[in-house]
Amino acid sequence: MRRWRAITAGLTGVVLGAGLAIGGATSASAAPAGHWGTFTVSGSSKAYTGTMTLPGFPDTTFTSTSRQSTVISGASTWQSAATGPGAKYGTSRAQTYLNQRPNVDSPTAAGASTTVYTFDGATPGASSWSFVLGDIDADQATISATVQGGGAATGEQLGYQGSYNSCSVAVAGGWSCSADPDGTTGTDQPTWDASTRTLTGNDRAVDTAGATAWFTPTASLTSLTITYQQRSGFPVYQTWFANRTASISGTATLDGTRIPGATVTVTAPRGTVYTTTTAEDGTYVFPNLPVIANYRVEITPPPNAEGDASQPGVSLASATTPGGVDQVVDFPFTSPDDTASVIGTVVDADDHPAANVPVVIIDPDDGTTLVDTTTNSDGVYTASGLPADTDLAISIANQDPVTIRTGDAGAAAPQDPITAPPAVIATITGLVTLDDVPVPAGVVVDLLDASGAVVGSTETDASGRYSFATVAGEYAVRTVVPAAGATGATSNSGIQAVAGATAESDLPFETATEPTVATTTQPGTVTDTDGKPVADRQVVATPTDPTAGDPVTTTTGTDGRFILDGLAPSTEYTIAVDGADPQTITTPDTGAATPLAFTVPAAVVTPPTQSPSPSPSASAPPSTGGGTTPVSSDGGASTGGDLAYTGADLTPGLIAAGVLVLLGGGLLTFRAVRNRRRTTHLQD
């Protein structure tokens with residue numbers, strides 16, 4: 001009847017897992033987990049918004065005046081396990097990070113971009129989380145933060161851990177960096193100045209690869225601001241967030257019988273409260289808690305039972321174990337000596353657990369009230385300190401009592417389910433959707449009473465619907481966002497539940513809006529040296545910085561014009577046209593750039609090859625396989641075809657022409673001989 005579930009109250013969702021053995025607060029076998037933040041971004045150039053999500057970390061949103069903010073998959077650039085943060089949190093490979101540019105590529109404060117991260121509640125202390133800034137070379141980043149209470153964080157409180165290079169030539173398992181122009185691949189590192197809280201790239205402001213630094217704040221922060229400024233070129237920088245979490249888990253029992261549906265809370269030293277309920281087997285787990293000390297773990301105890309319902313001073317941090325330790329906190333309750341206990345369930349007419357229903361156990365002999373309680377989130381009631389082996393009366397929601405019987409002293413006797421009359425049960429139900437589509441089964445929904453206490457917990461079914469059976473009153477329902485970055489209210493309050501009726505309360509969410517990618521266009525023309533337009537000529541725009549995007553290609557039209565569309569704003573490109581000198585341009589922030597003009601050599605027109613005059617021969621037939629025939633207006637020719645036919649017989653004309661040529665040649669020969677003789681005579 002009860003499904004496995006988990007829920008977070010406060011700021012962060014947690015997921016229930018398997019219970020561990022009874023034994024108090026001790027180290028568990030599971031190792032604490034490292035996590036890298038998941039980013040979303042929306043908006044447009046110089047007006048971006050987004051989210052950063054980490055398990056066990058306050059909800060984080062950001063705004064940015066960067067002219068370009070992009071979420072990168074982490075498939076080609078990452079922090080390896082051999083880096084400082086990688087050794088603490090595991091490799092970031094295939095984990096997202098944020099790529100950003102300055103507002104304007106200008107080495108002035110006016111050109112800087114500002115990114116402000118706002119935390120919905122103070123961040124954990126005890127050095128359990130970090131942020132990493134990468135590709136700081138031809139640029140600089142100034143960091144500021146607000147500590148819990150409103151003051152400004154000092155440079156020391158930002159917790160600079162060191163600079164390093166993340167390329168594979170510098171650390172094992174790193175990414176393969178392209179060669180740096182100065183031959184220093186894998187060696188460049190930024191410099192940190194705590195007094196100005198500024199991280200600065202290399203002295204020459206040369207664009208390199210892998211220059212990285214990481215920070216582990218020592219104080220709880222409510223905001224973090226990164227002001228990013230260009231020093232030369234067209235730089236970009238990278239941001240990662242990471243943390244470590246550990247678990248607190250345990251089992252709740254009454255006289256050795258496990259208690260389902262009991263509410264368990266964990267309160268962090270800074271006041272954040274996490275809430276869940278025990279599963280069918282009485283186990284609970286908070287798997288993603290920040291690795292800090294001095295948690296308080298509490299449970300709603302069975303009435304009249306003996307045992308500690310609160311365990312203070314539970315620490316997930318460890319001076320001897322790097323990264324912290326998991327802890328087990330069990331709650332073994334027992335009945336007072338010589339008394340017994342009971343565990344039972346109240347359901348509605350459809351056999352659904354009925355939460356927050358009043359239950360009164362009475363001594364039928366004298367009408368004395370022995371226990372006055374309510375059912376928990378699983379419709380379960382518990383009672384202790386009862387007389388052993390005795391018939392008692394139990395009243396559900398002030399209805400006529402029925403009989404139950406206790407068992408042996410020191411034992412919890414299970415009771416048959418009791419069905420509450422439909423007239424006293426109110427139903428609260430609704431749909432949880434994402435983009436108007438029901439969420440999958442298993443999304444956790446909590447029911448809270450007017451005081452904010454969790455009185456019920458369930459999961460959505462296959463149709464995305466949740467349902468609570470309870471008694472009349474004012475309630476609220478809450479859940480967690482079904483997808484990273486999704487928008488929508490996670491809770492509805494002021495729900496009026498009426499006995500015998502059903503109240504609907506949906507929880508709709510929408511997927512985060514995809515960012516609007518700002519682009520510009522570059523028009524131009526290609527003509528030849530004769531001033532004629534050149535059609536079908538390829539034009540390629542290649543960004544100087546390979547991280548600025550892929551090359552953009554187009555071809556000229558019949559009028560020689562082209563438009564390169566989809567170029568990144570404020571970015572340097574080399575525009576290349578075959579046969580012309582390339583041109584380097586910087587695109588504007590918006591709109592179209594100034595048109596370019598390219599000139600290529602005019603095509604060389606080769607005249608048609610002329611056929612030699614045929615020798616006269618009375619017996620030779622006309623040629624049918626030789627000759628050169630023009631086939632295009634641009635001088636191209638085809639060799640080997642028949643001469644073009646004009647409609648006349650050419651053979652007589654050719655013979656006559658040959659005779660005339662011979663006669664003319666004889667006359668010229670005779671004249672040349674006579675002149676030579678005259679010249680010889682004069683020389684003598």
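A residue counts as exposed when its relative accessible area is over 50% and as buried when that area is under 20%, with partly exposed in between. By this yardstick D536, with a relative accessible area of 67%, is exposed. The model discussed here is a predicted one, and D536 is a convenient place to enter it. The residue is found in the loop between β42 (520-528) and β43 (538-543). Its backbone also deserves a look: phi of D536 is near 60 degrees, a positive value in a residue that is not glycine.

A397 makes a good companion to D536. Here too phi is positive in a residue other than glycine, with a value near 55 degrees. A397 sits in the loop between β29 (391-396) and β30 (402-405). Its relative accessible area is 13%, so A397 is buried, whereas D536 is exposed at 67%.

Stepping back to the whole chain, the secondary structure comprises 2 helices and 50 strands. Of the 684 residues, 46% count as buried. The accessible surface of the chain comes to about 30900 Å², and carbon and sulfur atoms own 53% of that surface. Among contacts with a separation of 6 or more, 66% are made by residues 24 or more positions apart.

The interior comes next. In soluble globular proteins, nonpolar side chains tend to be buried together. In this model the largest nonpolar core has 39 residues, and I361, I396, I428 and V477 are those with the most contacts inside it. The surroundings of I361 can be listed in full: leaving aside residues up to four places away in sequence, I361 touches V342, T368, T369, L370, V371, A383, L386, L392, A393, I394 and I404. A second core, separate from this one, has 31 residues, including F39, L133, I136 and I226.

Aromatic rings add another layer to the picture. The structure holds 21 aromatic pairs. In one of them, the ring centres of F57 and F119 are 5.7 Å apart and the planes stand at 90 degrees; planes over 60 degrees apart count as edge-to-face, so this pair is edge-to-face. The pair links distant parts of the chain, 62 residues apart, with F57 in the loop between β4 (47-53) and β5 (60-64) and F119 in strand β8 (residues 113-119). Both partners are shielded from solvent by the accessibility criterion: F57 counts as buried at 2% relative accessibility, and F119 is buried at 5%. F57 and F119 also belong to a cluster, linked through ring pairs, that contains F39, F62, Y117, W129, F131, Y160, W192, F215 and F241 as well. F39 thus appears in two settings, being part of this ring cluster and of the core of 31 residues. Elsewhere, a charged side chain meets a ring: R93 lies over the face of W78, at 4.0 Å from the ring centre.

The covalent cross-links are quickly told. The structure holds 1 disulfide, which joins C167 to C177 with an S to S distance of 1.9 Å. The torsion about this S-S bond is about -105 degrees, so the disulfide is left-handed. C167 and C177 both lie in the loop between β11 (160-165) and β12 (191-193), so the pair ties together parts that are 10 residues apart in sequence. Both cysteines are buried.

Two further residues show how local position and contacts fit together. T263 lies in strand β18 (residues 263-267). Its relative accessibility is 15%, and because the limit for buried is under 20%, T263 counts as buried. Leaving out residues up to four places away in sequence, T263 touches T275, T276, T277, E298, I299, T300 and V454.

G591 has its place in the loop between β47 (583-586) and β48 (596-600). With 43% relative accessibility, G591 counts as partly exposed. Beyond residues up to four places away in sequence, G591 touches T520 and T521. Another residue of interest here is A518, which is 73 residues from G591 in sequence and 9.7 Å from it in space, C-alpha to C-alpha.

Methods:
Residues are numbered from 1 along each chain as its sequence is written. This is a predicted model: local features need pLDDT of at least 70, side-chain atom pairs count only at pLDDT 80 or more; totals for chains, interfaces and linings use all residues. Side-chain values use heavy atoms; hydrogens and water are left out. A nonpolar core is a set of buried Ala, Val, Leu, Ile, Met, Phe, Trp, Tyr and Cys residues joined through side-chain atoms within 4.5 Å. Buried means under 20% relative accessible area, exposed over 50%, partly exposed in between (1.4 Å probe, protein chains only). Contact means heavy atoms within 4.5 Å. Helices (H or I, at least four residues) and strands (E, at least two) are DSSP runs, numbered from the N terminus. Rings of Phe, Tyr and Trp (its six-membered ring) pair if their centres lie within 6.5 Å; planes under 30 degrees apart count as stacked, over 60 as edge-to-face and the rest as tilted. A charge sits over a ring if NZ of Lys or CZ of Arg is within 6 Å of the ring centre and within 35 degrees of the ring normal. A disulfide is a pair of cysteine sulfur atoms within 2.5 Å. Accessible areas come from the Shrake-Rupley method with a 1.4 Å probe; for residues, only the protein chains shown count as cover.
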